[in-house]
Structures are given as C-alpha cells and as structure tokens.
Amino acid sequence: MAETSRVLSSAPGDARSRPAQVLRWLLFSDYLVLALTLVYVAALSFFVPEILSPTNLRDIFLQILPLFIAALGLMMVLMVAQIDLSATSIMAMGCVVGASIMTSEGGYLSAQPWAPAVAILAIVVVGVLIGVINGVCTIVFDMPSFLVTLTTMMFFSGAAIWYTAAHTSSGSSIGSLPPAFLEIGYGGVAGIPYAAMITVVLAIVVHLLLTRTVFGRWVMAVGLNPKAAAISGVPVQAVVIGCFAISGLFAAFAAIIYTARLEAGTPILGQRILLDVIGAAVIGGVSLFGGKGTVIGVLLGVLFLSAVDNGLQLLGLSLSSVYAIKGGVILLAAVTDAIRHNVMARG
Amino acid sequence: MSELLLKISGLNKSFFGVQVLRDVGFELTSGAVLGLVGENGSGKSTTMNILGGVLTRDSGRVELAGVDVAPSNSRDALALGIAFIHQELSLFPNLSVEENIFLDHFPRRMHGLPFIDRRALREQAKKALDLIDLQVAPATPVMRLPQGERQLVEIAKALTRQARLIIFDEPTTSLTARETERLFEIIGRLRAQGIAIIYISHILGDVLRLCDDIVVLRDGRVVGEGPRADFTIERLVTLMVGRSIDRLFPEREPAPGTNSAALSVRKVSQPGVVKDVSFDLRLGEMLGVSGLMGSGRSELARILFGLDPYSEGEIRVGEHTLSPLSPREAMDKGLAFLTEDRRGEGLMMEASIANNIVLPSLVERSSGFMHWLKPAALGQAARDVAERVRVNAKAIDRTAVRTLSGGNQQKVVIAKWLLRAPTIFILDEPTRGIDVGAKYEVYKIINQMVAGGAAILFISSEIEELIGMADRIMVMGRGEVRGFFERTNFDREAIMKAALWD
C-alpha cells in the first residue's frame, strides 16, 4: 500500500500523457474559471457586441456587488463543511424589518434623522441572529445544516410576508424609505459607488480573516477534520456558530444594498438569487467538503455566473432557459469539486 | 496434505520507472502458514496485490497448484481460490452477517432468477459460521458485532468461496488480545483443513508464534526466507531494516525520581468507563500504561485531556486542580495528547505539514484583539520543530500530510505538540502501524522529552515496548488500576496476567 501510493503521487511529472497532464492542471487551477469567463465573453461578443458596451459592463458590475457579499458569507459556512440555504430569507426578513423602522409612512422612527442608522443596525441584528440560530441548531444539537437552514429559510420567508402584511395596507412592500438610505443603492463619491466601497472593504476583511487570523486557521481546521481540531484546542462549536453568524451578517449587508436599490422593503427580496449565491461559491472553488475557499475564487465565481446570466439574457433566451443553463453550469462545478476531492483523497 | 500449492518466481513490478519488486519468489505448501514481514514500502502489499488480482505484474510467474495463473481482478482471484482479507474490512455494517457472506453469490430459488432462497442462505451461513466457531445469529447486522467477530465473518465469507489460500493483511491491528487469540486458533483450524495462509504483520512476536515459514522483504527483494526456527525477533529486525539495531529501544538515563508530581490523579471515576483511578506522574518520568483494548486506558487519557467528563475524583496538575476540563484548559496547563487514531483525530490529512504543526499553538503565537498571525514566523517555527523530529519531507508548507508514510505522519503529530513544549505528554499507541526504523526514531524523541524534564504517560498494547521504555508500568483492566510494576521488576508474564485477571 505505502509504496504504491508513494509512487503514484510522484507520477504526473514523468509518466502521464500530455493531455492528461493538461487536464489535471486545469482541474486544479484556480484560474480555470477566469479563463472560462474570458473565453465565454469573447465568444459571445461576436453574437451580441453590446455585452462589452460600457453600460452593460457597469450593469454587471453593480449587479455582482451584493451577490459577491452574500457569496462571501456563504463561503465561510461551506468552509466548515456545512451549508446555508437561509441567506435569501435573511435578506427578506432583514429588508422588511429595516424598512418598517425607517419608512415615512408610519414607520417606527419615521422622519427621525437617525432612522436609517437604526434600520441598518436592525437588519444586521436580524442577519446575525438568524445565523446564530442556524449555527446553534447545527452544531450544538447536531442536526444536518441542510435541514436546519432549509427550515429557517421557510420560516423566515413566511415570517417576512406576514411582517409586511402587518405593517402595510397594500401588504406587498414597504416603500417611502428616507433618501439618505437610498444613497447606498446607487450613490457614491467621486464616481465610486458606496456599494462598491462596502464590498471591497468586506472582501478585504474576509481575506485577512482567513489568511491572517487564528479564526481563519480554525475555520480551515474544522472544515478538514473537526475531531483533530477539537483535540488541538480549537473551540469547534464556537467556530461553526461564528461562520453561520458571518453568513447571516453578510446576507444582511447584501440586503441593505438591495433594499436601497429597490427603494422598498419587500419580502420577496432575493428570492431568486439563492442558486446564484451557492453557485458562485462552488464555481469559485469553495469546496463543499470543507476547508477550502478563497475570496478571489468567489469573486471569479460571481463574475462567471453573472456573465453567463447577462450574456444569455442579451441573447434573448427566456428566463427559464437561463435558469436551466445556470443550473447545469453549477452542477458541473460541483462535480468538478467532487472529482478534485476524490483525486486528492486517492493521492 | 502438504503438496506445493503456490509457487511465485521471478516477480518484477515497477511503477512509473520505479522498481518496487525485484525477482521476488517463494513457495507455500497447502496447510502451511507463511509469515510475510518487511517495513512499509518493502513490497509486501504489492506482492499480495498481484496475487489478489489488484495489480498486474511486469514479469515473473505465479503458479497455483501447478497451473500458471494471472488474476486480473479480485473476482478472478477469488474464483481461483485466493481470498484477501484486508486491513480495512470490506463488510457492509448495515447488512446482516449472512447477507455479507453471500453478497456476491446469493443462493437463488431458481437458477437465473433474481429471487434469493432465504432458507438456503440461512443454512449455508450457519454452516460457514460453525466452521469458524462463531456463535452469532446469521441475521444479526454486522454493525452489532465487535471488530474481532467482523473479521471472522470475513473469514467465513472466504470459506464459502472454497478458498485454498487466504491472505491476512495486518489482521490484529484493531483486535483485543482475546480476539487475537481466537483468530490464531481459527487460523490453526484452517491450516488443519489444508488451507494455506499468508500472514502479514508488523507484530513480529505473533509472526514467530503463528507461522511455519517466514519470508522477509526489503526494498522489493526477498532478503530472508526459511522455517520459523531460523529466526528470532532480533534477526527479523536486522533483516528488515538492513542494518543491525543492537537494541530495539534506545538507551536512556533512568529517572531521578526526586521530582515533584506533575500530574496527580485521585480516585477518578466515570460510570462504565473508569473506576477509582489514582496515580502520580513525576516530571522526568515515563509511566507506561498497559491493558487490553477496552481496559479504560484510552478512555482515561481522554478524561485527563478534557475530552470526556468524569463524575468523581480529582485531577491535579502541579498546584492547580483541573475541574471539568476542555482540551484548551488542559493545553494551557501544559498537557499534550497524541491519540491512538492518527488519521481520524491527530491530523488534517489534506492540509500541509506546517499547517498541521502550528494548529495547537496558534493562539499563543498570535497578537492583538483579532489574534493576528505572522505567517513567516509561524512557518519558521514549524520548520524548526519538524527538523527536530526529522520529518522527512522537502517543503513542509506545501506537502500534504496525506502523502507521508505512517511514521512521518506520526512525527508530524509529535511535532505539533512539541511546538507547545508540553510538560505532560500523553501518548496513546505512538508507534502503532509504523515500521521498525520509524519506531526507533519515535522512541528517541520520547526519550529526549523525558530527559528534558517532561512527564510522559505512555499507553501501549505492546508490553515489550513498555518494558523497553518506561520507568514504571501501570496495568489497567475493566476501567480499574490493577497494579504498578517498577522498572527493576518488570515481568512480561506478570504484567499480562494483571491485565487479563478478572
């Protein structure tokens, strides 16, 4: 056994055929996704040149910001080998709670100058709280996170609709948000949107957290081997709960940007982007088996998925076809991840 | 009875230009047990995998009862009567004993139809179980059986396929002493029925006791071959490592014995796990813990390190009383714990050597409110300690632990605790599953720690190892301390008796 594995692991250099080497390199390369994105955009620009128009590029750019934030949060949960399906319901719940505080039509703090600040704080608290609930149920009560977050998703999606109905006469959305808050959506300083600044700051924070802090190493350890981590003194439960809390927090940040753009609090916010959030992380090389993920990878994943989405829509494909194709692409990424995992495990 | 069953000659095999078998050859008569020994990487597994149809050979002959054979998969091999019982059993725990035995050849109601004849299944299973004297209902799910009985099920499975040759690869690693005895008895019975056995093991005492003939492999060559009477443990070791190790255990200055107690355990109990365990461990002392699997030795280690609770008693480290603990607290008090399950609990197999080594030391080596790390300093610290225990790898920050040999992996586990400079080091089976050369190095590292003033709790199921290393031996059985032996009156039989006595 030992000699076989030793010999096999030294194999790729000398004996494998060239195509196999190239395939292996592609499979393990972090920049595969970037290459695919460029090839895809270049190919598509022959059919729909407007994909490269400044307006379209700006549209894509603004679109990916909140998606990127939510995907970064999800990455933390995937890194400890769990899943969070509740991100979109956190957005919905946070969005309507925040809106109900600051709306000028009978909001709790309507017309108060500091209403937006309180609303933002409330959205953040909702996000972190739901994240902590997810984490505690998963790791303390030892339930599959798939089940936990599926049920919190259902619960808070429903609760958001109920909450909206209880706070409005129309029952569908809470509008009339203060202009100061709406600035977050499309406003900016010196041509740089606030949303972009927030995103860059958060991305840098996550990157440093993962690469330069004890917490980041703990996240990796828990994802790779929770038993060994516990014996090495890692507070496994706290780390897992922390990752779910960060996922909730980042969903809340994404919700703030989306709400400001929609200019209303609505319980259907983010309903359709769950697949995009998970897909972007997986395409970006975050392993579903835990322990592996980078900020730059997730960024590339978000770019790729948004380019696919945008390009297909420009081509005039129906929403359902776009959905089917995106689903296929994400499945392919997940299969690639599984193959990588198996290749690694075999050595 | 004793006609020639298996003749291997001139076997060669290379992987990607690296020759791993060179002209390997030996013979085996039916009704005989052949012991195959060698360090990890010596070619034992490759030879057996060729025999079992897992690998194909480059050249050479394998004759089974005078006929040239070349099985190309394990099904082929089984059809030829060669059964391979792997270290990790290939049973399905959720299926019953009988279903496991007949998984690939269920008796059918009618030939060609997919209906299982349940009654025939039960009868045939019963017969097979009788052959090996396993008294369990054939319908019992395998997961309810202890490890030793699972192995017997695997043997029953081989017997129903009319195996003429059964290969055992490290069969006793996860067995208790009693289960091992039973396995040996069964092997004796198989031999009496004319079945040939190839027995691969690191435990040389077992090989000498059980086998009629022994073949020693080193670097893919046969370096020793003959009847058991030709060999002693020392000779086997010399042949295996290719150099003479005068002693299996490195020399060490005996403990001064004047030091204060580093660890005092007083009447620690946990229902069903340990009962009234009391002992003192001094700085600069190595206390061996002997006992069978399930005697409470590993459970005690987990309690001391704060992984499992205890309901009564007191654990003191120096001046501090350790009340219900967490690993973090235990570590802060200077404890370290090498577990018996290296892959499952000791290492992150996919992570680099460096990342594994620094994991327990991160908090102490970080600064500020966010526990900021300095990667360069961490990397240097990991390199230093890896060098100290002589981890054999080029780039420790890029080499995944998964690619290392068992001995090197164990050194990584030791290194990760050494980086914390522990005062009390609990070692649970530190040399399990690693080859003789690596064992010797691990012993040397342990001795250095003791010489440096650390207190060591050395848990092992190999009594020779404890006799060779420890200052004192504490024997455990059924969760209780059965007695202490001082170095001056170490006695293998007395220790064994204390462990077995009920």
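In chain B of this predicted model, six strands form an open sheet with mixed pairing, arranged in the order β6-β7-β8-β3-β9-β10. The edges are taken by β6 (82–85) and β10 of chain B, each of which has a single partner strand, so that one side of each is left without a neighbour in the sheet. Averaged over the sheet, and with direction ignored, neighbouring strands are turned by 15 degrees against each other.

At the β6(B) edge, the partner is β7 (residues 165–169) of chain B, and the two strands run parallel, joined by four bridges. One bridge can be followed residue by residue, since Ala83(B) has Ile166(B) of β7(B) as its bridge partner. Elsewhere on the sheet, helix α8 (residues 233–241) of chain B lies across β3 (33–37), β9 and β10 of chain B, and runs at about 30 degrees to β9(B).

Some residues of the model stand out by their backbone angles. Most residues other than glycine have a negative phi. The table lists residues with a positive value.

| Residue | Phi | Place |
|---|---|---|
| Asp219(B) | near 50 degrees | loop between β9 (213–218) and β10 (221–227) of chain B |
| Arg478(B) | about 45 degrees | loop between β21 (472–477) and β22 (480–486) of chain B |
| Asp142(A) | about 55 degrees | just after α7(A) |

Asp219(B) counts as partly exposed because 16 other C-beta atoms lie within 10 Å, where 20 or more would make a residue buried and 12 or fewer would make it exposed. Arg478(B) is likewise partly exposed, with 15 C-beta neighbours inside 10 Å.

The helix that precedes Asp142(A) is α7 of chain A, which covers residues 115–140; at 1.5 Å a residue, its 26 residues should span 38 Å, and the 36 Å between its end C-alpha atoms agrees with this. In chain B, the same reasoning applies to helix α14 (residues 406–418), whose 13 residues should span 18 Å and whose end C-alpha atoms are 18 Å apart, in agreement with the expected value.

Helix α14(B) is mostly covered, with twelve of its 13 residues buried. Among the buried residues are Lys411(B) and Lys416(B), as well as Val412(B), Val413(B), Ile414(B), Trp417(B) and Leu418(B). The buried residues of α14(B) pack against helices α11 (342–346), α12 (353–358), α13 (375–388) and α15 (436–451) of chain B, and also against the strands β16 (335–338) and β19 (424–428) of that chain.

Notes: Residues numbered from 1 in each chain as written. Chains lettered and ligands numbered in written order. Predicted model: local features only at pLDDT ≥ 70, side-chain atom pairs only at ≥ 80, totals over all residues. Expected span 1.5 Å × (residues − 1). Contact = placed C-beta atoms within 7 Å. Pairing = 2+ DSSP bridges. Axes fitted to C-alpha atoms, helices over the stretch in contact; angles between N-to-C directions.
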